[in-house]
Amino acid sequence: MITPRALVHALHTHWDTIEVLARLSREFPIFTTEQVRACIARSNPGLNAEQQGALLRQMVNSTLLQTVPRSDDLQLDPHVLTFVRGLTREHELGLTAVLQARVAAIRDATEALAEGIVRHDIDRVRWPASQLAELFRQIGLQLEQDRHAIQELAENARSADAHMPASQRYQRVLQAYDQYVEPMNSMMDTGPEGSFYQHLEAAERTLDQALEQFTIQGSLYSHRLQLRQVSYQAKELRRFGRIVAQQCADILLPLREEALQHNALTSAIASLLQSVRKKGLHRVLSRPARDSRLPVWRNGRGLKIQAGDEVRDIMAAARHYRPQAVAFPQDLPASETVPLPDVVDEAALRSHLAASLPVTDLLAWLKASYGHLQDATLMRLFHDLQHGDVPWQTTPASTTRQLDLHAIRVLHHPHEAVAAVPSPKNA
């Protein structure tokens with residue numbers, strides 16, 4: 001028995017030929033040696049007959065091709081065929097019975113999950129959750145494969161010979177609609193008759209309940225993560241199933257209506273010809289206008305489409321839209337920039353003032369000695385030098401005086417600063 005790694009390597013080596021055989025297997029499940037050689041020659045046009053035979057023996061030895069019992073014919077390995085069809089979107093339309101069985105299995109797994117929740121058994125909860133995850137994966141894969149299969153059916157019907165009878169041209173389309181789309185729509189129905197949404201909703205609700213119980217009990221984070229991931233799968237599958245059912249109906253319904261209209265037109269023409277043969281052309285075509293129209297030849301009811309009121313309001317608002325001007329703050333000119341605060345050595349300033357005592361006007365002394373400072377700095381120093389633990393005493397005068405600083409004019413009572421007299425206690 002060949003190993004999986006060797007089988008994958010052989011599939012990589014002979015991919016061109018295997019892809020052609022997988023596509024041809026939809027018409028010929030069993031191949032003769034001549035058919036396989038023809039596919040090899042088509043994929044490798046530069047090989048001679050001996051080299052083609054060598055490639056054929058390699059594919060047989062690597063089990064890509066299997067010999068049919070009691071015959072010299074060949075067939076693709078079933079696992080290889082399934083894998084190649086999955087990659088190349090060459091799917092056959094699945095059976096709704098298989099999908100219904102898997103949906104029923106969701107119900108059984110949900111019941112087992114609910115039983116595990118009631119018994120507070122983590123193992124009885126994790127195992128049904130794993131089953132649900134696998135069922136969700138299988139159902140999603142089947143829905144994806146069925147969608148591609150229906151698309152291929154529609155493309156084959158559109159590309160078929162126009163002179164082919166409608167019954168033969170649309171035979172597989174009508175069968176797919178009756179045997180797959182209608183049962184699938186019934187199963188996907190959100191009402192009481194539909195089983196797909198009911199079982200998925202029940203599974204999702206039970207998974208959320210199990211996750212809440214795990215969180216309350218303080219179980220492992222990996223267990224809670226598993227339940228959360230399976231719950232996300234259920235939500236995504238509900239959305240994906242609705243999309244696939246709608247897409248399948250949209251693909252096949254126009255072709256089905258075309259085939260049915262063709263049959264109705266044929267019946268109407270046959271009925272009209274029968275009336276002409278029995279009553280004559282003049283009597284049949286001379287009837288009132290309401291009866292002279294051929295059925296289904298034209299649509300008597302016109303179709304009018306208009307935009308809704310909400311859309312019209314949005315479009316009207318968009319047409320009359322005027323952008324609002326927003327004034328952004330501009331940079332101040334250089335002359336209006338805010339000056340940086342002054343850096344003052346207050347210890348040196350206090351020593352200077354102590355050496356200059358007595359001072360008759362403290363503010364005037366600050367301006368004369370430190371006139372390069374800003375007005376706000378001068379006023380702050382003026383107030384700071386009057387309070388706190390200082391070795392002088394300030395006394396305001398009874399008269400007022402105006403003093404011009406850099407940008408402001410100050411009306412104040414001149415403060416006289418003299419050396420403080422020590423108290424008898426300290427002496």
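## A partly exposed loop residue

Thr63 is partly exposed, with a relative accessibility of 25%. In this predicted model, Thr63 sits in the loop that runs between helix 4 (49–61) and strand 1 (65–67). The backbone angle phi of Thr63 is near 65 degrees, which is a positive value in a residue other than glycine.

## Confidence in the model

The average pLDDT of the protein chain is 77, and 80% of the residues score at least 70. Confidence varies along the chain. Strand 4 (residues 401–404) has the highest confidence, at 88, while helix 13 (residues 289–292) has the lowest, at a mean of 44. Where pLDDT is low, the predicted coordinates should not be read in detail.

## The nonpolar core

In soluble globular proteins, nonpolar side chains tend to be buried together. Which residues have the most contacts inside the largest nonpolar core? They are Leu132, Phe136, Leu143 and Phe196, and the core as a whole has 47 residues. Several helices contribute to this core: helix 6 (96–119), helix 7, helix 9 (171–187), helix 10 (196–217) and helix 11 each supply at least two residues.

Leu132 shows what the surroundings of one core residue look like. Leaving aside residues up to four places away in sequence, Leu132 touches Ile106, Ala109, Thr110, Leu113, Ala203, Leu207 and Val230.

## Polar residues of helix 7

Helix 7 (residues 122–159) also holds a charged pair, Arg147 and Glu144. The side chains of these two residues meet in a salt bridge, with an N to O distance of 2.6 Å. Why are Arg147 and Glu144 separated by about one helical turn? The reason is that they are three residues apart in helix 7. Arg147 is buried, at a relative accessible area of 15%, and Glu144 is buried as well, at 16%. Both count as buried because their values fall under 20%.

Gln142 is another residue of helix 7. Its relative accessible area is 6%, so Gln142 counts as buried. The side chain of Gln142 is joined to that of Arg102 by a polar contact of 2.9 Å.

## Salt bridges

Side chains of opposite charge can pair when their charged atoms come close. How many salt bridges does a search of the whole structure find? The search finds 11. The pair in helix 7, Arg147 and Glu144, has been described above; two further examples follow.

Arg239 and Glu236 form a salt bridge in which the closest N and O atoms are 2.3 Å apart. These residues are three places apart in helix 11 (residues 221–279), so about one helical turn separates them. Arg239 is partly exposed, with a relative accessible area of 35%, and Glu236 is partly exposed too, at 38%. In addition, Glu204, Lys235 and Arg238 are joined into one network by salt bridges that share partners.

Arg107 pairs with Asp108, and the closest N and O atoms of this salt bridge are 3.7 Å apart. Are these two residues buried or partly exposed? Arg107 is partly exposed, at 39% relative accessibility, and Asp108 is partly exposed, at 42%.

## Two more loops

Gln386 belongs to the loop between helix 17 (375–384) and strand 3 (392–396). With a relative accessibility of 18%, Gln386 counts as buried. Leaving out residues up to four places away in sequence, Gln386 touches Leu362, Thr394 and His415. With His415 there is also a polar contact: the side chains of Gln386 and His415 are joined at 3.4 Å.

Where is Pro358 placed? Pro358 is in the loop between helix 15 (346–356) and helix 16 (362–369). The peptide bond that joins Leu357 and Pro358 is cis, with omega at about -5 degrees.

## An exposed residue in helix 3

Glu34 lies in helix 3 (residues 33–43). Its relative accessible area is 60%, so Glu34 counts as exposed; the cut-off for this class is over 50%. Glu34 and Asp73 are 39 residues apart in sequence, and their C-alpha atoms are 9.5 Å apart in space.

Note on methods. Residues are numbered from 1 along each chain as its sequence is written. Side-chain values use heavy atoms; hydrogens and water are left out. A salt bridge is a side-chain nitrogen of Lys or Arg within 4 Å of a carboxyl oxygen of Asp or Glu. Buried means under 20% relative accessible area, exposed over 50%, partly exposed in between (1.4 Å probe, protein chains only). Helices (H or I, at least four residues) and strands (E, at least two) are DSSP runs, numbered from the N terminus. A nonpolar core is a set of buried Ala, Val, Leu, Ile, Met, Phe, Trp, Tyr and Cys residues joined through side-chain atoms within 4.5 Å. Contact means heavy atoms within 4.5 Å. A polar contact is a pair of N or O atoms within 3.5 Å; within protein, one must be able to donate a hydrogen and the other to accept it, and residues adjacent in sequence count only if both atoms are side-chain atoms. pLDDT is the predictor's confidence in each residue, from 0 to 100.
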